[in-house]
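Please look over the chain below before reading on. The briefing covers a pocket, a set of paired strands, some backbone details and the chain as a whole.

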Amino acid sequence: MSSSVGTIGFVGTGTIAAAMIEGLALSGNEPIIVSPRNAEIAADLAARFPNVAVAADNQAVVDASDMVVLSVRPQIADEVLRPLNFRSDHHVLSLIATISLDYLHDVTAPAATVTRAVPLPPVARGQGPTAVFPPNAQVKALYDRLGTAIELGDESEFDVFSAATATMSSYFAFARTVTSWMEANGVDAAKAHAFMAQMLEGLGSASPAAPERSFAQLADEYQTRGGINEQVFRAITRDGVLPDLDAALDGVLARLRAGRGIKD
């Protein structure tokens, strides 16, 4: 199968779609057609990148595209997608986390090829992992341009990867908690932000630099017995994990699987 995708169209132009469009526009020159639903984002992308154009409506996106990327909120997916007419030669790529492959095949018929993916905002900078299901050479090549594609052969496994992406906002909330505490103790806000941002960037590079070490090993290495790192670690974890986060992820996974009619 050729890795060329031709014209790529986006039905829905939210944060994730915009990040993907930016990454594609910076790393290639294939034509990109975007829907006008979020007019401000669509206009900005078209103004910045010569290969990005805004279509009149969602059907115009579908008609002009070889690969159709679906990036609408799950709550409105059915009302947006049902009226659209797809072709048998379309490749449909869904970024909608809670919608199953079976549903997608039904709502985009007669499109023969349907793939799911969960890209993250750093794809705008050509960084970060993207889980893909089922494996597909075109989609793998696309996301390898935007970071690293991780192909999965099972939709239940894909649900787990999708659930894991739900921690992004909490990551920044962790940083905000620390900087807010610093500010409450008299530190200038800009200095606290710069310090925390640089610290997290440095810590983030530790695992790729030492892939043979597990996260548990790194957590152990970054604390001294009786030291201040151990003090905080013991205060917020139980058996080496964050129990509240574990429970929250269980809830997200249950929601994703319920959307596919699976009860845990």
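In this predicted model, the second largest pocket is lined by 30 residues. Those nearest its centre are Ile16, Pro74, Leu95, Ile96 and Ala97. The pocket has a volume of about 820 Å³.

**Pocket lining**

- Three helices each supply at least two residues of the lining of the second largest pocket: helix 1 (15-27), helix 7 (155-164) and helix 13.
- Sorted by class, this lining holds 17 nonpolar residues, ten polar residues and three charged residues.
- Rolling a probe the size of a water molecule over the atoms shows where empty space is left.

**Strand 4 and its partners**

- Strand 4 covers residues 67-70, and strand 1, at residues 8-11, pairs with strand 4 in the parallel sense over four bridges.
- In that pairing, Ile8 stands opposite Met67 of strand 4.
- Strand 5, at residues 91-94, also pairs with strand 4 in the parallel sense, over four bridges.
- Here Met67 stands opposite His91 in strand 5.
- Met67 therefore has Ile8 opposite it in the pairing with strand 1 and His91 opposite it in the pairing with strand 5.- In a regular strand the side chains alternate between the two faces of the sheet.
- Which residues of strand 4 lie on each side, and are they buried or exposed? Met67 and Val69 are on one side, Val68 and Leu70 are on the other, and all four are buried, so that both faces of strand 4 are covered.

**Thr7, ahead of strand 1**

- Thr7 lies in the segment before strand 1.
- Thr7 counts as buried because its relative accessibility is 15%, and the cut-off for buried is under 20%.
- Leaving aside residues up to four places away in sequence, Thr7 touches Pro31, Ile33, Ala64, Ser65, Asp66 and Met67.
- Met67, one of these contacts of Thr7, is also the residue of strand 4 that stands opposite His91.

**Backbone details**

- Where are the cis peptide bonds? One joins Ala109 and Pro110, with omega about 15 degrees.
- Pro110 lies in a loop, with helix 5 (101-107) before it and strand 6 (113-118) after it.
- Another cis peptide bond joins Phe133 and Pro134, with omega about -10 degrees.
- The loop that holds Pro134 runs between strand 7 (129-133) and helix 6 (137-145).
- Asp239 is not a glycine, yet it has a positive phi of about 55 degrees.
- The location of Asp239 is the loop between helix 12 (228-236) and helix 13 (243-258).
- Is Asp239 buried or exposed? Asp239 is exposed, because its relative accessible area is 77% and the cut-off for exposed is over 50%.
- Helix 13, which follows the loop of Asp239, is one of the helices that supply the lining of the second largest pocket.

**The chain as a whole**

- The secondary structure comes to 13 helices and eight strands.
- The C-alpha trace spans about 65 × 45 × 35 Å along its principal axes.
- The chain has 264 residues, and 39% of them count as buried.
- Among contacts between residues at least 6 apart in sequence, 51% join residues at least 24 apart.
- The accessible surface of the chain is about 14300 Å², and carbon and sulfur atoms account for 56% of it.

Definitions and conventions: Residues numbered from 1 in each chain as written. Predicted model: local features only at pLDDT ≥ 70, side-chain atom pairs only at ≥ 80, totals over all residues. Heavy atoms only, no water. Buried < 20%, exposed > 50% of the residue type's maximum accessible area, 1.4 Å probe, protein only. 1 Å grid on protein atoms, 1.4 Å probe; cavity = no way out; pocket = protein on both sides within 12 Å on 5 of 7 lines; lining within 4 Å. Points joined across faces, edges and corners; volume = space filled by probe spheres on them. Nonpolar A, V, L, I, M, F, W, Y, C, P; charged D, E, K, R; others polar. Pairing = 2+ DSSP bridges. Contact = heavy atoms within 4.5 Å. Areas by Shrake-Rupley, 256 points an atom, 1.4 Å probe, with all protein chains shown as cover.
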